[in-house]
Amino acid sequence: MPNSDPVDIELWDCGGNPQYESCWPAIARGAAALILVANADVPVTESQFLEMLYLRFAAQHGLKESQCAVFLNKIGDVSEDGKVPSMLNKVPKEKVSMEDGSEVHAAFCRTVSSALTALSEEW
């Protein structure tokens, strides 16, 4: 982390469910970071949904790529790196197993650190 000051973090899981799409602007307002989660073996056609979420939550609210991450959930013995839309090429990708809490924790800490660094550069 950029410094040792405590940081308050709120997590919102919108799950990408279109049923709650009308709430997305309120969830995105004031966000300092975005983590998109997808299965590492998801086909490119299905990953277009990630692009839509990135546009709605990050691009429309001025988040930099360094304030975002794509967590690619490894299920079983996935050898693929995960396919994400080209729009997300500069967004850091973390290949993690959601079953391994320490792996997810480490990736989450890297993402928060990167977001805090980007925010501190704006101040």
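These are some informal notes on the fold, the surface and the side-chain pairs of this predicted model.

1. **Ground rules.** Since the model is predicted, local features need pLDDT of at least 70 and side-chain atom pairs count only at pLDDT 80 or more, while totals for chains, interfaces and linings use all residues. Residues are numbered from 1 along each chain as its sequence is written, and side-chain values use heavy atoms, with hydrogens and water left out.

2. **Overall layout.** You'll find three helices and three strands in the protein chain, running α-β-α-β-β-α from the N terminus on. Helices here are DSSP runs of H or I with at least four residues, strands are E runs of at least two, and both are numbered from the N terminus.

3. **Burial and contacts.** The protein chain has 123 residues, and 32% of them count as buried. The classes are buried for under 20% relative accessible area, exposed for over 50%, and partly exposed in between (1.4 Å probe, protein chains only). Take the contacts (heavy atoms within 4.5 Å) between residues at least 6 apart in sequence: 67% of these join residues at least 24 apart.

4. **Surface.** About 7800 Å² of the protein chain is exposed, with 52% of that supplied by carbon and sulfur atoms. Areas come from the Shrake-Rupley method with a 1.4 Å probe, and for residues only the protein chains shown count as cover. A nonpolar patch on the surface is made up of Val7, Ile9 and Leu11, which together have about 290 Å² of accessible area. Patch members need over 30% relative accessible area and no salt bridge; nonpolar side chains (Val, Leu, Ile, Met, Phe, Trp, Tyr) are joined within 5 Å, like charges within 9 Å. Leu11 sits in the segment before H1 and is exposed, at 65% relative accessible area.

5. **The aromatic pair.** Rings of Phe, Tyr and Trp (its six-membered ring) pair if their centres lie within 6.5 Å; planes under 30 degrees apart count as stacked, over 60 as edge-to-face and the rest as tilted. The count by this rule is one aromatic pair. It is Trp24 with Phe57: the ring centres are 5.6 Å apart and the planes stand at 50 degrees, so the pair is tilted. Trp24 belongs to helix H1 (residues 24-28) and Phe57 to helix H2 (residues 44-57), so the pair ties together parts that are 33 residues apart in sequence. Trp24 is buried at 2% relative accessibility, and Phe57 is buried too, at 8%.

6. **Strands S2 and S3.** Strand S2 (residues 68-73) runs parallel to S3, with four bridges joining them; strands pair if DSSP finds at least two bridges between them. One of the partnerships puts Asn73 with Val96 in S3. In a regular strand the side chains alternate between the two faces of the sheet. For strand S3 (residues 93-96), Glu94 and Val96 make up the covered face, and Lys93 and Lys95 the uncovered one.

7. **Salt bridges.** Three turn up, taking a salt bridge as a side-chain nitrogen of Lys or Arg within 4 Å of a carboxyl oxygen of Asp or Glu. Glu21 and Arg56 meet at 2.6 Å, N to O. That pair links distant parts of the chain, with Glu21 in the segment before H1 and Arg56 in helix H2, 35 residues apart. Glu21 is partly exposed at 31% relative accessibility, as is Arg56 at 22%.

8. **Two bridges from H3.** Glu103 and Lys74 form a salt bridge at 3.5 Å, N to O; Glu103 is in helix H3 (residues 101-122) and Lys74 in the loop between S2 and S3, 29 residues apart. Arg110 of helix H3 and Glu94 of strand S3 are 16 residues apart, and their side chains meet in a salt bridge at 2.7 Å, N to O. Have a look at burial in this last pair: Arg110 is partly exposed at 45% relative accessibility, whereas Glu94 is buried at 13%.

9. **Ala33.** What does Ala33 touch, leaving aside its neighbours within four places in sequence? Its contacts are Leu63, Gln67 and Ala115. Ala33 is in the loop between H1 and strand S1 (34-39) and is partly exposed, with 36% relative accessible area. The C-alpha atoms of Ala33 and Lys64 are 8.6 Å apart, although the two are 31 residues apart along the chain.
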